[in-house]
Each structure stands twice: as C-alpha cells, then as structure tokens.
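Please open the structure in your viewer and keep the selection tool at hand. The tour below proceeds by selections, and each stop states what is to be found there.

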Amino acid sequence: MADAALQHNPVAGHGSAGEFEAPLFGAYSKKVGMWLFLASDSLTFGALLFAFSYNRIYTAWPTPFGKDSIINATVMTACLLSSSLTMVMAVFAAQRHDRSWTRNWILATMVFGTAFIVLHGMEWTKLIHEGLTLPGFPKSAGQMEGEFTKVSSGVPQFAATFFGLTAMHMLHVTIGVIYLGVVALRKWFLPILGALWLAGFFLIPADNVFHYGIHALLVGLIVASVILFLKPKDYDAQDVEVSGLYWHFVDLVWMFIFPLVYLMSTKV
Amino acid sequence: MHDVAHDDSKGQYFWVWGALLVLTGIEVVLGYRQVFEPVRMLEVLLVLSVIKSALIIAYFMHLKFEKAIMRWMLVISVTACFIIMYFFFFPDAGRILRLGVK
C-alpha cells in the first residue's frame, strides 16, 4: 500500500476513484515509523548525556582512562564508522536487487558490530577487574584494589554514568546486530543466535557480568522467533533501508558517548 | 523508497567515512593532550560530535535526500526537544548546587 502511494502521480491521477494521495513525507510508512522511533530514542540518550555532562562539569571528576582504554575506544569507533559504510553499501545492493551482495554487506556490518561488542566487553571486564564496579555487579576473582576502586567509592557517579551510558548503547548495538541478522539470514539466523547464547552462557565465567548479560541474546532469540513466525516474509530493499537507519543511529549515538565518556576522562 | 538513480554517487560515502575518521582522530588528539580546560573541552568536543552526527544523518541516513518537510520536521522537533531539555536540566541542576543538598 505504501508503495502504491509512492508510485502514484498525484497530478495525473487527481480525482480518480480508488487512488491514493501522495504521502505527506514522501516516504513509505515503515521509514517514517523508524524515524519517529529514532527521534524518541535520541531523547533517551540525550537525557543520559545531559546527566553525564552535568556530573562531568560540576563534580570533581576523575580522569582514570589511560592510553590502552583510549586506543581500544578509538578502534571501537573505527569499527562502528566502518560498519555504517558497509551498511550504506548493503542498502545500495538491495536497491539494485542484488540479493547476494546485500547479504554480504549486511554480514560485514554485523562483523564490525560484533567486533565493537567484543572489544567493549573486554574493556568492561578489564575495568571491573581493576575495581571500577557497581553494587549489583558480581565480584570478579582476583579483583584488584587500585585507582578504579578509589574512583568507584569516591565518585560513585563515575561508574554509574559510565556503565549506564555504555550499557544502554551496547544493548542497542546488540539489538542492531540481531535485527540485521534477521534481515540478512531470516530463520537461518535463529540457530546461530541460539548457539551464540549457549556458548556465551557456558564459556563466560560466572563471576563475569556478561555471564548474565548474554541473556539479552535469549530475549532477542525469542522476539526474533515470534516475528519470523508471525510474518515469515522475504525482506526487501525497504526493510534493508529501515534496518540501516537504526544501525546508523547506533553509530551516531556513539559519536557523542566516545568523546564525552572516554576523551573527557583521559589520564593527564 | 529511494530511487536508485538519485544524484548521489558511492564515492561521496567514502569521503564522508574518511571525514568521520579524521574528525575522530582530531577528537582523540585534543582529548588525550588535554588541550583545553574541561568546560571548553566539553564545548569543543560537542561541536565536533554535532558535525559528525550531521554528516551521518545527512549522508548515511539519507536525510539530505528526503523531502524538505520530513527533513525540517525531524531536525526542528528533535533540536527543540534538546533545547527545552537543556533549559530545564542545567539551571535546576545548578540551583541544587547553589542551595546545597540537605
């Protein structure tokens, strides 16, 4: 129906019975819906970033991130930026109905996204091991008593805003990778997702926070299964473009988190 | 859906990607060397982030190629929300600091 509306020539067909009006925004409904969702989601991140900025300015803010953390975060940023480029290529391939290259470019995007999540997970694990933690986190074996322990107890807003912002973003990236996996591989992605969840659950030690965080994949598996069961369609160029909008938004949010959270807290 | 033949070429997306990487490099140098004091640094980094996000929204998210009404409605509404958030959030947060937390 949205397609029919877009292809309709409002001048030539004016007054004919049964024809559609041209859409107000010149875009199909799925795209407008995704833009509205992204606008609302940007306010969620906006509120978190405002809270962080306020704390950063008005609190005696620690600057504990050394060279390793900054290099790691810079590589993560490069991964996300590169994933946006491969996503654009996927949209182009979908628009010229090249199914094979659409799938390949989306898979490349997923690889970059997964690399981002793995690097971020390693960074979290390292920081928690060095003492940056929240009350609800499991205590890791051999956890050190260092600079980050003082930061956690002295300025609790640091750990709260760091883990709050980055966890929210990491969740979005994870949802994005699952979303792209469903668009690219459809039902064939479900066993892969299930295997990743099981592998993560059994291989990640119980004292690591991701031993519990990995259950996000199980939730994703259930939601993706329901969606694919209710509407087992072959995803077209519009679906690829809409999924791309979500992915670019995830990239965009990181463009604010990276400088504010990491670069504003570098060790002098 | 976008027309495949709209007037953008693939090359410009590589330029945008390169520009985003360069801007990221500039941010890293500024942040790591602590070139400015914190408030000024926050302002500079935010300006660079806004430029990067504008590039992503305009080119990667294709908003530049959408109809003007969609472009302006999205940009104006989200910007207005952020401005309102700013004027509500920071003065109130400052007030708590001035009065002290009892």
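**First stop: α3 and α10 of chain A**

Select helix α3(A), residues 67–95, together with α10(A), residues 237–262. In this predicted model, α3(A) passes α10(A) in a left-handed crossing. Two packed helices are described by the angle between their axes and the distance between the axes. For α3(A) and α10(A), the angle is about 165° and the axes are 9 Å apart. Angles over 145 degrees count as roughly antiparallel, and α3(A) and α10(A) are therefore roughly antiparallel to each other. Colour the residues of this contact by class: 14 are nonpolar, seven are polar and two are charged.

**Second stop: α3 and α4 of chain A**

Keep α3(A) selected and add helix α4(A), residues 99–129. The axes of these two helices, α3(A) and α4(A), come within 8 Å and cross at roughly 165°. That angle makes α3(A) roughly antiparallel to α4(A). What is the handedness of the crossing in which α3(A) passes α4(A)? It is a left-handed crossing. The contact of α3(A) with α4(A) is made up of 17 nonpolar residues, nine polar residues and one charged residue.

**Third stop: α2 and α6 of chain A**

Now select α2(A), residues 29–58, and helix α6(A), residues 156–185. The axes of α2(A) and α6(A) lie 10 Å apart, and the helices pack at an angle of about 155°. They are therefore roughly antiparallel to each other. Here too the crossing, in which α2(A) passes α6(A), is left-handed.

Which residues make this contact? Display the following side chains:

- from α2(A): L48(A), A51(A), F52(A) and N55(A);
- from α6(A): Q157(A), T161(A), G164(A), L165(A) and M168(A).

Sorted by class, the residues of the contact of α2(A) with α6(A) are five nonpolar and four polar, with no charged residue.

**Fourth stop: the loop after α6 of chain A**

Move to R186(A), which lies in the loop between α6 and α7 (189–203) of chain A. Inspect the backbone at this point: R186(A) has a positive phi of about 50°, although it is not a glycine. Is R186(A) buried, exposed or partly exposed? With 15 other C-beta atoms within 10 Å, R186(A) is partly exposed.

**Fifth stop: chain A as a whole**

Select chain A in full and show it as a cartoon. Chain A contains 10 helices and zero strands, and its pattern along the sequence reads α-α-α-α-α-α-α-α-α-α. Rotate the view to see the extent of the chain: its C-alpha trace spans about 75 × 40 × 25 Å along the principal axes. Of the 268 residues of chain A, 39% count as buried. If one takes the contacts in chain A between residues at least 6 apart in sequence, 73% of them join residues at least 24 apart.

**Sixth stop: where chain A touches chain B**

Display both chains and select the residues at which they meet. The contact takes 44 residues from chain A and 40 residues from chain B. Which elements of chain A give two or more residues to the side that touches chain B? They are α2(A), α3(A) and α10(A). The largest share of that side of chain A, 12 residues, comes from α2(A). By class, the side of chain A that touches chain B holds 29 nonpolar, 11 polar and four charged residues.

**Seventh stop: L252 of chain A**

Select L252(A), which lies in helix α10 of chain A. A residue counts as buried if 20 or more other C-beta atoms lie within 10 Å of its own. L252(A) has 23 such atoms and is therefore buried. Leaving aside residues up to four places away in sequence, L252(A) touches S53(B), I56(B) and I57(B). For a sense of distance within chain A, select E147(A) as well: its C-alpha atom and that of L252(A) are separated by 31 Å, with their positions 105 residues apart along the chain.

**Last stop: chain B**

Select chain B, which is divided into domain 1 (9–65) and domain 2 (66–102). The centres of these two domains of chain B, taken over C-alpha atoms, are separated by 21 Å. Finally, select Q34(B), in the loop between α1 (10–33) and α2 (38–60) of chain B. Q34(B) has a positive phi of about 50° although it is not a glycine. Q34(B) is partly exposed, with 15 other C-beta atoms within 10 Å.

Definitions and conventions: Residues are numbered from 1 along each chain as its sequence is written. Chains are lettered from A and ligands numbered from 1 in the order in which they are written. This is a predicted model: local features need pLDDT of at least 70, side-chain atom pairs count only at pLDDT 80 or more; totals for chains, interfaces and linings use all residues. Two residues are in contact if their C-beta atoms, placed from the backbone, lie within 7 Å. Helices (H or I, at least four residues) and strands (E, at least two) are DSSP runs, numbered from the N terminus. Ala, Val, Leu, Ile, Met, Phe, Trp, Tyr, Cys and Pro count as nonpolar, Asp, Glu, Lys and Arg as charged, and the others, Gly among them, as polar. Axes are lines fitted to C-alpha atoms, for helices over the stretch in contact, and angles run from 0 to 180 degrees between N-to-C directions. Angles under 35 degrees count as roughly parallel, over 145 as roughly antiparallel, 65 to 115 as roughly perpendicular and the rest as oblique. A crossing is left-handed if the near helix is turned anticlockwise from the far one by less than a right angle, and right-handed if clockwise. Domain bounds come from an automatic or database domain assignment. A residue is buried if 20 or more other C-beta atoms lie within 10 Å of its own, exposed if 12 or fewer, and partly exposed in between; C-beta atoms are placed from the backbone.
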